[in-house]
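Here is a friendly briefing to read beside the model on your screen. Take a look at the chain and its ligand, then follow the points below.

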Amino acid sequence: MKTVFLKLFALTLAALLFVASGNTSHAQSSDEPAAVDRSVTGGAQTLEDILRRQRGENVPLDAGTGGVENGSLTGPLATQGGFSDSELWRRARQGQAFSSSSQDPNAAILVQDEGAKWLETRQSTIPTYTLYALLAILALLTLFLLIRGRIRIMSGWSSIKIERFSFIERFGHWLLATSFIVLAITGLSLLFGREYLIPAIDWVHAKMSPNAIEPNYGKEVWAWFAGVGKWVHDNVAWAFMLSLVMIFIMWFFRNIPTWTDVKWIAQFGGMLRQHGHPHARKFNGGQKILFWLVIILGGSLSASGLALLQPYEYTMFASTFEKLNAAGDAVGYPLALNTSLTPIQEMQYAQQWHTIIAVTMIVIIIAHIYIGSVGMQGAFSAMGSGKVDLNWAREHHDMWVAKLEKKGKIPRPAGASNPSTRSMPLRAPKKPTVPAE
Ligand code: HEM
């Protein structure tokens, strides 16, 4: 009995000493946590580690390897293996507890902590901001239409049409446009489906057949649509990628930025004034920005999409983070991004990036569709019939028209004998001298 009391007293004293020594180290507030002797636990965490965590202090980084290094046991086995239970679950939660001989890179990950954060972002943050972004661009364009009105051909329609885009160019554009729109619709419905579309389907169903009792109607319709939508999304993506390559090859040279474009952008393309547009070649500064955004964002969208189509095959985010860290260090702004990502984290980043880039592109493209249709008189036919009105071309792409004129490529109206279009009765705007392209 006496020895039991003595043991208890010794234990209490030891615990008190641990607390006292812990407090001292806290008071010293040293950056480097003092080492802990873990020989008693075979390397697993000690009471000291637990008390330090409870006090919110730093615990040495090697705490609780439990004699397990790189997934293999290095120390002697205790009754619970190398770990205590809490230690085991802490390491399991951090996705590093186990090893597996399975080929599946995720087989050894029992709990993936980052998954909870990813799910929250996927279910709530991204859909919410997507909705804001879509509403914002629609509101902005409506406001622009109300304030500025439709951008009209100032000098009116001429009697002459000139070729702007060849058949193959229009084919590339419409393949890109239709595939993008299909991808956008199916992609957005997959993003919003579970949270918004199922209740919406149920609501419509309840309105249309009030007496029907089908609690799973919305879910069933949605499950069918999501299945078809995913198949369509995965396959139409190839048409998008093909058309992206097509327009890149066809329009690359014409979209190399020039000083003229800087001036065009500085004047906002003359869009905010009622008269006159800055000089422009075949593509103006705004169109060049759109072109490069479509190429860069579309390329990134395709890369992240391929990573989603072939799960666990790529490690593009870890290598990108490495480069970003190096760039940050070089300019004295360390980013310290995590470069040892698990395959699941790679997939989670790919999904988030894919969605963010897609939504950014959708917002940009809504603005493009507006300006290419209702927003600007005479623009649509460039991609419709491939021909545009000469007056429209003179107003928006004067340097391009000047070059065509020089080459004698502007058709003459019926009955006109003078080959120079400048003297034709076109009601053309009074133009200042056009700089040579
Ligand atoms: C119904 C949808 C669309 C319409 C009505 C439309 C209309 C147009 C028009 C009229 C042009 C020629 C502008 C000019 O002659 O200067 C054009 C060019 C272009 N479009 Fe579209 N487009 C649509 C969808 C898309 C989509 C979805 C994309 C890309 C994802 C896209 C990318 C481009 C690019 C890169 C150009 C060349 C640069 C420019 O002219 O702005 N278009 N589009």
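A polar contact here is a pair of N or O atoms within 3.5 Å; within protein, one atom must be able to donate a hydrogen and the other to accept it, and residues adjacent in sequence count only if both atoms are side-chain atoms. One such pair joins Gln287 to the ligand: a polar side-chain atom of Gln287 lies 2.3 Å from a ligand oxygen atom. This is a predicted model, in which local features need pLDDT of at least 70, side-chain atom pairs count only at pLDDT 80 or more, and totals for chains, interfaces and linings use all residues. Residues are numbered from 1 along each chain as its sequence is written, and side-chain values use heavy atoms, with hydrogens and water left out.

**Around the ligand**

- The shell holds 21 residues, and Arg164, His173, Gln287, His368 and Ala382 come nearest; a residue is near a molecule or strand if one of its heavy atoms lies within 4 Å of it.
- Arg164 places a polar side-chain atom 2.7 Å from an oxygen atom of the ligand.
- For His173, the partner is a nitrogen atom of the ligand, 2.8 Å from a polar side-chain atom.
- Helix 5 (167-208), helix 8 (285-309) and helix 10 (343-372) are the elements that give two or more residues to this shell.
- Helix 5 gives the most, with 5 residues.
- By class, the shell has 15 nonpolar, 5 polar and 1 charged residues; Ala, Val, Leu, Ile, Met, Phe, Trp, Tyr, Cys and Pro count as nonpolar, Asp, Glu, Lys and Arg as charged, and the others, Gly among them, as polar.

**The protein overall**

- The secondary structure comes to 12 helices and 5 strands, taken as DSSP runs numbered from the N terminus (helices: H or I, at least four residues; strands: E, at least two).
- Of the 437 residues in the protein, 37% are buried, where buried means under 20% relative accessible area, exposed over 50%, and partly exposed in between (1.4 Å probe, protein chains only).
- Among contacts with a separation of 6 or more, 71% link residues 24 or more positions apart; contact means heavy atoms within 4.5 Å.

**Residues in helix 5**

- Ser189 has its place in helix 5 and is buried, with a relative accessible area of 11%.
- A polar atom of the Ser189 side chain lies 2.8 Å from the backbone oxygen of Thr186.
- Leaving aside neighbours within four places in sequence, Ser189 is in contact with Leu197, Trp222 and Phe225.
- Ala184 is also found in helix 5 and counts as buried at 14% relative accessibility.
- Ala184 and Ala358 are 174 residues apart along the chain, yet their C-alpha atoms are separated by 7.5 Å.

**A residue in helix 8**

- Gly298 sits in helix 8 and is buried, at 0% relative accessibility.
- Beyond neighbours within four places in sequence, Gly298 is in contact with Phe240, Leu244, Leu293 and Met361.
- The C-alpha atoms of Gly298 and Met361 are separated by 7.9 Å, with their positions 63 residues apart along the chain.

**Confidence**

- The protein averages a pLDDT of 83, and 79% of the residues score at least 70; pLDDT is the predictor's confidence in each residue, from 0 to 100.
- Residues 63-73 stay under 50 in pLDDT, and the model gives them 34 contacts beyond four places in sequence.
- Residues 417-430 are below 50 too, with 33 contacts in the model beyond near neighbours in sequence.
- Where pLDDT is low, the predicted coordinates should not be read in detail.
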